[in-house]
Amino acid sequence: MKSVSGMINSTNLARLTACCVVTALTGFTSAGTGSKLYNELLDNDGFYEAGGWQEYVERIGTKLLRHTNGGNRKFYFFVVDSPAVNAFATPDAYIFVNRGLLIFLESEDQLAAVIAHEIGHVVAEHGKKQRNTELLGKAAGIAAMIMTGRGEMMQVSDATARTIVAGYGREMELEADQIGAEIVARAGYNPLAIIDALQVLKDQSLFAKEVRGQPATYHGLFATHPQNDKRLHEIVSFAIGSLPEDLIDPIDNFWGLMDGMKFGTEASTGMLSQHVFFDKTARVVIEFPISWYVRYNQQQVTGEAKGGADVAWVSITRHTPDGEIVPEEFVRETLKRTELENEQHVDLGNGRPAYVAELKLADANRFSLLAVVRLGADVYMVRGETGPKGNVEQFQEDFMSILRGIRDMRPSDIQQDTTTKIKVIVAKPGQTYQELANLTPIRSNAVQTLRLLNGDYPRGEPRAGDYIKIVQ
C-alpha cells in the first residue's frame, strides 16, 4: 500500500479538487484508521470528485470546527463515491460522507447536522473507547465494503472497523447528537435539522427493508423513531438556545449542487445502470431481469429478485483459467463442487454453449442452479437459488435469461452514458410522483424511490413550488 505522505503530489491534489488534502497536509504522516482508509480509497478512485461536493463538505466541516471544543485535533473531510447510505468518523478524525447519503438529504442544515454528529463521535472519543484492537492490514476489506455498500464485506474487518461503520450503541449515538446539536446551533444552523436528517435516513432504512429486502447501512438512531424520541427532542431543544441572533447565510447553493449529482452506482471496476452491469475492464455486459435489484463489488455481481433473497438470488464471478477448460472438470476440480445432478449443455443462442447443473441442497424447500459460461478468455461461474417465497419455474426462466444476458460489450454500450443523475425541478400544482416516475429511467419501485428521495416516503406527494429530485 502506498503511504499517505508519498501520495501528496500535484496530480492527487487536482483529483481531490485541491480542497481536503491541502488543509490537512501536516497531519497525513499518521498511520491511524482514517489514514489507512484514505490511502485505500484513493488507490481505488473511491472519492466523489464531481459537482463541487468535496469542497462543499470540507467548507461545512471547517465552519463547524470553529464552534467545536475539539482541542488542537486536525479533522479531515471526504465524500466517498459509494451508493451506501452512510457517514462515519474514525478515531484519528477522518470523516467520510458517502454520496449515497447526500442524495437523500434536503438542505445544508441537514448535511451540517450529519457532519456535526460525526464530529461529536470524534470529540467524545467513542472510537477509542470502543475499540479493542488496532486496524492492521484490513483497510482493503473495509474500503471495499464502504464503496460497494455490501454488508457481508464486514466479515473481513476487525472490531474497530465494525464499530466505526456499524455504530456505537444508543448512549454514544445520543451523546454524538448532543455534541452535534450544540455545534450546529453555534454555527448558525437549525438544530432541528438533526431530527429531520435522522427521519430522512429512517425512511431510507424502512424502504431498504420493506421494498428491497436489504439491511440499512447508516449507523444512526435507526432503532428509534426520531420524531417521537423524547431524549433526542430534549437535546435539540436545549441546543436551540445557542443559536446566534443574526441569520447566517448558507455556504453554497445546496439544491444547485444536487442538480446533476450521480444517482447510480459506478466505480473503477464497472458501472451499474439499473439491472444491467457494465464491466469496463473485461468489456462485458451482464443483464439481469428488469425487476431485479443488482449490486456488485470487485469479486462478484449479485442480483436479487423483487422481494429480495427470500424469492431468489443469483451471483456471478469471473475466472480467468490457463488455457481451455472442460466445464464439468472446472466445476469439480477448480470450484470443488460435487453435489451435482441433472447436468446438461445448453445453447444460449448464436452458438454460445453453457453448462448447467442442479445443486443438491439439504433444504427441500430451496432449489439451486450452477452454470459455467465461457466468454473470450474468461469463464463466468453463475450460481443461483430460490428462497422460501420463490417459484422454481420462474427462477429457472430468470436464470436462463441471466445466462443469455452475459455478453460482450457493444460499441453502443461503450458510448452510452449509463450513469443516472439527479435532476432538480420545481413541483407544479397537482403533480404526482406517478407522473414524475414516467420521466425517469428507474424501472423498479420508481414511485416509492422518488418519494424516498424527497422525504415523502411512503405515501406523500409533491407540494407545488417545492424543489423536487427526479432521476434522469
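These exercises walk through two sheets and the helices of this model, each with a worked solution.

The model is predicted, so local features need pLDDT of at least 70 and side-chain atom pairs count only at pLDDT 80 or more, while totals for chains, interfaces and linings use all residues. Residues are numbered from 1 along each chain as its sequence is written, and side-chain values use heavy atoms, with hydrogens and water left out.

**Exercise 1. Find the strand order of the open sheet of 3 strands, and what packs on it.**

Solution.
- Start with the terms. Helices (H or I, at least four residues) and strands (E, at least two) are DSSP runs, numbered from the N terminus. Two strands pair if DSSP finds at least two bridges between them.
- Read the order. It is S1-S3-S2, with mixed pairing.
- Look at the edges. Strand S1 (76–80) and strand S2 (87–89) each have a single partner strand, so one side of each is left without a neighbour in the sheet.
- Check one pair. S2 and strand S3 (residues 94–98) run antiparallel and are joined by 3 bridges. Ala89 has Ile95 in S3 as its bridge partner.
- Add the helices. Contact means heavy atoms within 4.5 Å. Helix H3 (residues 53–65) packs on the sheet and touches S1 and S3. Helix H5 (residues 108–123) also packs on the sheet, touching S1, S2 and S3.

**Exercise 2. Describe helix H9 (residues 170–186) by its span and its buried residues.**

Solution.
- Take the span. The expected value is 1.5 Å times one less than the number of residues. H9 has 17 residues and reaches 24 Å from its first C-alpha to its last, close to the 24 Å expected.
- List the buried residues (under 20% relative accessible area; exposed is over 50%, partly exposed in between; 1.4 Å probe, protein chains only). Among them are Met172, Leu174, Ala176, Asp177, Ile179 and Ile183.
- Step past the end. Gly188, just after H9, takes a positive phi of about 95°.

**Exercise 3. Work out how H9 packs against helix H11 (residues 230–240) and against H5.**

Solution.
- Set the measures. Axes are lines fitted to C-alpha atoms, for helices over the stretch in contact, and angles run from 0 to 180 degrees between N-to-C directions.
- Take H11. Its axis lies 8 Å from that of H9, at an angle of about 20°. The two helices are therefore roughly parallel (under 35 degrees; over 145 is roughly antiparallel, 65 to 115 roughly perpendicular and the rest oblique).
- Find the contacts. Leu174, Asp177 and Ala181 are among the H9 residues on this interface, and Leu232, Ile235 and Phe238 are among those of H11.
- Take H5. The axes of H5 and H9 come within 7 Å and cross at roughly 120°. That makes H5 oblique to H9.
- Find the contacts again. The H5 side includes Ala112, Ala116 and Gly120, and the H9 side includes Ala176, Gly180 and Ile183.

**Exercise 4. Trace the open sheet of 7 strands from S8 to S11.**

Solution.
- Read the order. It is S8-S9-S10-S14-S13-S12-S11, with antiparallel pairing.
- Mark the edges. S8 and strand S11 (340–347) each pair on one side only.
- Inspect strand S9 (residues 301–304). Val301 and Gly303 on one side and Thr302 and Glu304 on the other are all buried.
- Follow its pairs. Strand S8 (residues 293–296) meets S9 over 4 bridges, with Val294 partnered by Gly303. On S10 (residues 312–319), which also pairs with S9 over 4 bridges, Ser315 stands opposite Thr302.
- Move along. Strand S12 (residues 353–359) and strand S13 (residues 368–375) are joined by 6 bridges.
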